[in-house]
Each structure stands twice: as structure tokens, then as C-alpha cells.
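This report goes through a single protein chain, from a patch on its surface to its fold, a helix, its salt bridges and two covered residues. The sequence and structure come next.

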Amino acid sequence: MSLALQTLLPEPVPVHHLGLYREPTTLQPVEYYNNLPYHRPASASAHLDVAILLDPIIATGGTSVAAIQTLLEWGVKKVVVIAVLASESGLDRAAKEGGVEGQVEIWVGGCDKEVTDKGMLRPGMGDVGDRLFLTIGK
């Protein structure tokens, strides 16, 4: 998703990664990777005021909320979330993150009504992480 987005931007921007997964029994987000710089540059430009968060699927909204919180705590003023598919409840949860109106903006390609008790979209597309990293059944 990040390479495709980079082609749409007028100039190159730094790309940082947050790795999160949803723990299968509690459905709570777990961070396993974060390469945000420890300190923002002293000459912080407007480019650091907006972060674009790419999340293929927003099911429960937990991992999106955790990523949004991380970015806001890091000092980003506005987070734009781009997702392919989401649930109504996951969108509601993610949209309520941040305390200031307009601090979180979400763009999504499609929306499913339900989430299963395992936190998967219904009808959905299955586990995107499993599909991307070929971990189905492992």
C-alpha cells in the first residue's frame, strides 16, 4: 500500500513503520515493531504535522486506534487513515480517537456491517496478514 500511495504524492516523503497485530484470544493490539525516530527534527516542517496511516482492514478498530494513539503521542497533529475495507463498529471506534475535531480523518474503500466473535469482518476477506505473509494455517 505504501508504494502505491507514494506514487500519488507530489514529492517523496519519509516512510516509517508501525507493526501491530491483534492477539487472537483477547483481540487486543500488540505492537511488535516501531521505527518512528526517537526525536522529531528541530526544524519540524508542516510535513510532520500530518501522518498517513495505511491499514488494509479495520475490523474491531483496535490496531488502528493503537497506531493513531502512537502517532498522536509522537506529536503528529493530524492522522489520515486509509483502509481498503472496514466494519461500521471499527470505523466508529477509530474515528473517535483523538480529542480534537478533525484530528483523525478516515478514508475507506468499503464497509461491512458485522464483525464475528473472532474479530473478523463478515462477510469480509479473511485475515489480510495471513494472505500477505502466507501464514494461513500456521
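On the surface, Tyr 21, Tyr 32 and Tyr 33 make up a nonpolar patch with about 370 Å² of accessible area together. A patch is built from residues with over 30% relative accessible area and no salt bridge; nonpolar side chains (Val, Leu, Ile, Met, Phe, Trp, Tyr) are joined within 5 Å and like charges within 9 Å. Accessible areas follow the Shrake-Rupley method with a 1.4 Å probe, and for residues only the protein chains shown count as cover. Tyr 32 belongs to strand E2, residues 29–34, and with a relative accessibility of 56% it counts as exposed. Here buried means under 20% relative accessible area, exposed means over 50%, and partly exposed is in between (1.4 Å probe, protein chains only).

The model is predicted: local features need pLDDT of at least 70, side-chain atom pairs count only at pLDDT 80 or more, and totals for chains, interfaces and linings use all residues. Residues are numbered from 1 along each chain as its sequence is written, and side-chain values use heavy atoms, with hydrogens and water left out.

**Fold and surface**

The protein chain has four helices and eight strands. Read from the N terminus, the order is α-β-β-β-β-α-β-α-β-β-β-α. These elements are DSSP runs numbered from the N terminus: helices are H or I with at least four residues, strands are E with at least two. Of the 138 residues, 30% count as buried. The chain exposes about 9,000 Å², and carbon and sulfur atoms supply 58% of this area. Among contacts between residues at least 6 apart in sequence, 67% join residues at least 24 apart; a contact means heavy atoms within 4.5 Å.

**Helix H2**

Helix H2 covers residues 62–74, and its 13 residues reach 18 Å from the first C-alpha to the last, close to the 18 Å expected at 1.5 Å a residue. The expected span is 1.5 Å times one less than the number of residues. H2 is mostly covered, with ten of its 13 residues buried. Among them are Gly 62, Val 65, Ile 68, Leu 72 and Trp 74. After H2 comes Gly 75, whose phi is positive, near 120 degrees.

**Salt bridges**

Four salt bridges are found in a search of the whole structure. The criterion is a side-chain nitrogen of Lys or Arg within 4 Å of a carboxyl oxygen of Asp or Glu. The table gives three of these pairs.

| Lys | Acidic partner | Closest N to O |
|---|---|---|
| Lys 77 | Asp 49 | 3.7 Å |
| Lys 78 | Glu 105 | 2.8 Å |
| Lys 113 | Glu 88 | 3.1 Å |

Lys 77 forms its salt bridge with Asp 49. Lys 77 lies in the loop between H2 and strand E5 (78–87) and Asp 49 in the loop between E2 and strand E3 (50–54), so this pair ties together parts 28 residues apart in sequence. Lys 77 is exposed, at 53% relative accessible area, whereas Asp 49 is partly exposed, at 23%.

Lys 78 is bridged to Glu 105. Because Lys 78 sits in strand E5 and Glu 105 in strand E6 (residues 104–112), the pair ties together parts that are 27 residues apart in sequence. Lys 78 counts as partly exposed at 26% relative accessibility, and Glu 105 counts as partly exposed at 27%.

Lys 113 meets Glu 88 in a salt bridge. Lys 113 is in the loop between E6 and strand E7 (114–115) and Glu 88 is in helix H3 (residues 88–95), so the pair ties together parts that are 25 residues apart in sequence. Lys 113 is exposed, with 63% relative accessible area; Glu 88 is partly exposed at 36%.

**Ser 87 and Gln 103**

Ser 87 is placed in strand E5 and counts as buried, at 0% relative accessibility. Not counting residues up to four places away in sequence, Ser 87 touches several residues, including Ile 58, Ala 59, Cys 111 and Leu 121. The C-alpha atoms of Ser 87 and Gly 61 are separated by 8.3 Å, while the two residues are 26 apart along the chain.

Gln 103 is in the loop between H3 and E6 and counts as buried at 15% relative accessibility. Leaving aside neighbours within four places in sequence, Gln 103 is in contact with Leu 72, Lys 77, Lys 78, Val 79 and Gly 98.
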